[in-house]
Amino acid sequence: MAARKKGAARAAFKLTSPDIRPDGPIAMEQVFNGFGCSGQNVSPALKWSGAPEDTKSFALLVHDPDAPTGGAGWWHWLVVNIPAGTSEFTKGAGKSDGSNLPFGCVQIDTDFGGPGWGGPCPPVGDKPHRYDFTLYALKMDRLDVSGASASLAGYMINANAIGKAKLTGKFGRKR
């Protein structure tokens, strides 16, 4: 077997889910239970591969850019300090107490007011909203984001990112 040449192409950094097809619908299992929505609020399983070689940790941000918030969108899940050796989250990893996440992970409060997965729940009659799952490869082992808002955490994540992979799902509620 020939040794890999220096500078040879590396597999693309990729984020996938057995529960959400790219640009596909998000199931009721993942939908929020509250605010008029009646889903099960279970976070989807996520898998990733092809992270940059120098990755020291990961961060996951899940955001709805279509939320009617005057341009801020809506933060649905934020996880930082994901160990570099991690390559997946199982379905249901987004429990608010963090018990289903790898050791060391920290969840930031979402726009629902607390940590953990908060599933889709767009206003009735809106066009389907996009839910962007973005996994960042970071150049640091750990980010100190204790007490940070979602936006401040996002700023710190972007400032330390060396790569990112994205998966988008969609969900809407009819009248």
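A nonpolar core is a set of buried Ala, Val, Leu, Ile, Met, Phe, Trp, Tyr and Cys residues joined through side-chain atoms within 4.5 Å. Keep that handy for the exercises below, and bear in mind that this is a predicted model.

**Exercise 1. Find the largest nonpolar core: how many residues has it, and which strands supply at least two residues each?**

Start with the count: the largest nonpolar core has 29 residues. Next, look for the residues with the most contacts inside this core, which are Leu-46, Trp-48, Leu-60, Trp-77, Ile-82, Phe-89 and Phe-133. Now turn to the strands. At least two residues of this core come from each of S5 (46-49), S6, S7, S10 and S11. The largest share belongs to S10, with 4 residues.

Let's zoom in on Leu-46. Setting aside neighbours within four places in sequence, Leu-46 is in contact with a list of residues including Leu-15, Leu-60, Trp-77, Phe-89, Phe-133 and Leu-167. There's also a second, separate core, made of 14 residues, among them Ile-108, Leu-143, Ala-153 and Ile-157.

**Exercise 2. Trace the open sheet: in what order do its strands come, and which ones stand at the edges?**

Walk across the sheet and you meet 6 strands in the order S2-S11-S10-S6-S7-S9, with mixed pairing. The edges are S2 (24-25) and S9 (106-107); each has a single partner strand, so one side of each has no neighbour in the sheet.

Now step through some of the pairings:

- S10 and S11 run antiparallel and are joined by 10 bridges; here Arg-130 sits opposite Lys-170 in S11.
- S6 and S10 are antiparallel too, with 7 bridges, and Ser-57 faces Leu-138 in S10.
- S7 (residues 74-83) and S9 are antiparallel with 2 bridges, and Val-80 stands opposite Val-106 in S9.

How covered is S10? Mostly: 9 of its 10 residues are buried. To finish, add the helix: H1 (residues 150-159) lies across S6 (57-64), S7, S10 (129-138) and S11 (161-171), and runs at about 45° to S7.

**Exercise 3. Track down the disulfide: which residues does it join, and which parts of the chain does it tie together?**

A search of the whole structure turns up 1 disulfide. Its partners are Cys-37 and Cys-121, with an S to S distance of 2.1 Å. Check where they sit: Cys-37 is in strand S4 (residues 37-38) and Cys-121 is in the loop between S9 and S10, so the pair ties together parts 84 residues apart in sequence. Then look at the twist. The torsion about the S-S bond of Cys-37 and Cys-121 is about 100°, so this disulfide is right-handed. Both Cys-37 and Cys-121 are buried.

**Exercise 4. Sort out the aromatic pairs: how many are there, and why is the pair of Phe-13 and Phe-58 tilted?**

The whole structure holds 10 aromatic pairs. For Phe-13 and Phe-58, the ring centres are 6.2 Å apart and the planes meet at 35°, so the pair counts as tilted. Phe-13 lies in the segment before S1 and Phe-58 in strand S6, so this pair ties together parts 45 residues apart in sequence. Phe-13 and Phe-58 are both buried.

Compare another pair. Trp-77 and Trp-117 are edge-to-face, at 5.8 Å centre to centre and 85° between the planes. Trp-77 is in strand S7 and Trp-117 in the loop between S9 and S10, 40 residues apart. Trp-77 and Trp-117 are buried as well. Now put the rings together: Phe-13, Trp-48, Phe-58, Trp-77, Phe-89, Trp-117 and Phe-133 form one aromatic cluster.

**Exercise 5. Look at two loop residues: is Arg-21 buried or exposed, and is Thr-110 buried or exposed?**

Take Arg-21, in the loop between S1 (14-16) and S2. The cut-off for exposed is over 50% relative accessible area. Arg-21 has 57%, so Arg-21 is exposed. Not counting residues up to four places away in sequence, Arg-21 touches Leu-167 and Thr-168. The C-alpha atoms of Arg-21 and Lys-170 are separated by 9.5 Å, though these residues are 149 residues apart along the chain.

Next comes Thr-110, in the loop between S9 and S10. Buried means under 20%. Thr-110 has a relative accessible area of 6%, so Thr-110 is buried. Leaving aside neighbours within four places in sequence, Thr-110 is in contact with Trp-75, His-76, Trp-77, Leu-78 and Gly-116.

Definitions and conventions: Residues numbered from 1 in each chain as written. Predicted model: local features only at pLDDT ≥ 70, side-chain atom pairs only at ≥ 80, totals over all residues. Heavy atoms only, no water. Pairing = 2+ DSSP bridges. Contact = heavy atoms within 4.5 Å. Axes fitted to C-alpha atoms, helices over the stretch in contact; angles between N-to-C directions. Disulfide = S-S within 2.5 Å. Buried < 20%, exposed > 50% of the residue type's maximum accessible area, 1.4 Å probe, protein only. Phe/Tyr/Trp six-rings, centres within 6.5 Å; stacked < 30°, edge-to-face > 60°.
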